[in-house]
Amino acid sequence: MEFSKITELLAGEPKYRLTQVNQAVFSDLAENWDDVTALPKILRERLKKECPMEIPAEISVSAGEDTVKALLKLSDGKFIETVLMRHEDGRNTVCVSSMVGCPMKCAFCATGEMGLMRKLTADEIITQVLFFARLLKKENERVGSVVFMGMGEPFLNYDNVMNAVRTMNSPEGFGIGARHISISTCGIFDGIKKLAKEDLALNLAISLHSSDDEVRRQLMPVAHGYEITELLAVIDEYIAATNRKVMFEYLLISGVNDTDEMALELAKLLKNKLCVVNLIQYNDTGAFIASSHNRMNRFKEILEVNGIQTTMRYRFGRDIKGACGQLATGRN
Ligand code: SAH
């Protein structure tokens, strides 16, 4: 939906019209302007014509029904993927894309193989949340949190991402608490520095995936531009400025970054940092082999024994290719 058009369209109207429209779109989650009877018919007709509410999408649901993947069709005919993760405790997380494709070319990531097609507008990012908010409403549920872990590098689309975040967070928008919105980056210094200055207490996640510069460069071309110690220095500044815990994402690839020595190195590197390491099982994209469960548990143990808080990410939506790093539509 093109939310920015609404403001334009309501420019000559009394102020309370915008409140009514926001209420209809973000709280009542109306799917049709005809249902928004608080508005005069003539205005509804204009909105219908100039700002249609339909969100064209195809849905696939995983076998366990804990993951729903939506393939959304954008106005220029391109496709993006958005994933809903339904946690056992009832929380619902929407994983949004920030780009069509991605320029970062991480060796383990399916989206990276596509290259960058274009950045998403703020409206296109918000629409992804709206799509699942509507779906959940039918079951009397709501979107509890949003993670920027779909297609694309959010910090290379900073302004649109932040504008979308403001609508997600705003009481006139979805009213999702800033602490329930997470931005994941492959390590774009500029973005981390800017985020530290925002007045929103968002969560920052860093895709680290190795404590060794050589290995990280093999996995993530972005690492050619700097050393891990430089990245950690920028993160230290972020923590000092915000006093917020940072999440390091570490996906485990057999024989590449999952040895005992590497776990020890990682623990040394992150010692005394306000952080948590999230170990992720590598989702097969054909490039590597995932570490075994035993190996993952051992890696986790070594981190924990050495004082590093560690979590392991649930495996969502593997059968519908809706898991992290598997999002590449093949339809663009
Ligand atoms: N560009 C951002 C956000 C999108 S990727 C970033 O790099 O953080 C979201 C997360 O999924 C990142 O941690 C990314 O490294 C991880 N990921 C990518 N491909 C994966 C795969 N095949 N298996 C598991 N995790 C993957």
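Two worked exercises on the ligand site and the second largest pocket follow.

This is a predicted model, in which local features need pLDDT of at least 70, side-chain atom pairs count only at pLDDT 80 or more, and totals for chains, interfaces and linings use all residues. Residues are numbered from 1 along each chain as its sequence is written, and side-chain values use heavy atoms, with hydrogens and water left out.

**Exercise 1.** Describe the surroundings of the ligand and its polar contacts.

Step one: the ligand is surrounded by 22 residues, each having a heavy atom within 4 Å of it, and the closest are Phe108, Ser184, Ser207, His209 and Asn283.

Step two: polar contacts are pairs of N or O atoms within 3.5 Å. A polar side-chain atom of His209 is 2.6 Å from a ligand oxygen atom, a side-chain N or O atom of Glu153 is 3.1 Å from a ligand nitrogen atom, and a backbone N or O atom of Cys186 is 3.4 Å from a ligand oxygen atom.

Step three: of the 530 Å² of accessible area (Shrake-Rupley method, 1.4 Å probe) that the ligand has on its own, the protein covers 97%.

**Exercise 2.** State which residues line the second largest pocket, and which domains they come from.

Step one: a pocket is an open set of points on a 1 Å grid over the protein atoms alone, where a 1.4 Å probe fits, with protein on both sides within 12 Å along at least five of seven lines, and lining residues have an atom within 4 Å of a point.

Step two: the lining has 15 residues, with Met1, Glu2, Lys73, Leu74 and Ser75 nearest the centre of the pocket.

Step three: domain 1 (1–54) and domain 2 (55–320), whose bounds come from an automatic or database domain assignment, each give at least three residues to this lining.

How values were computed. A polar contact is a pair of N or O atoms within 3.5 Å; within protein, one must be able to donate a hydrogen and the other to accept it, and residues adjacent in sequence count only if both atoms are side-chain atoms.
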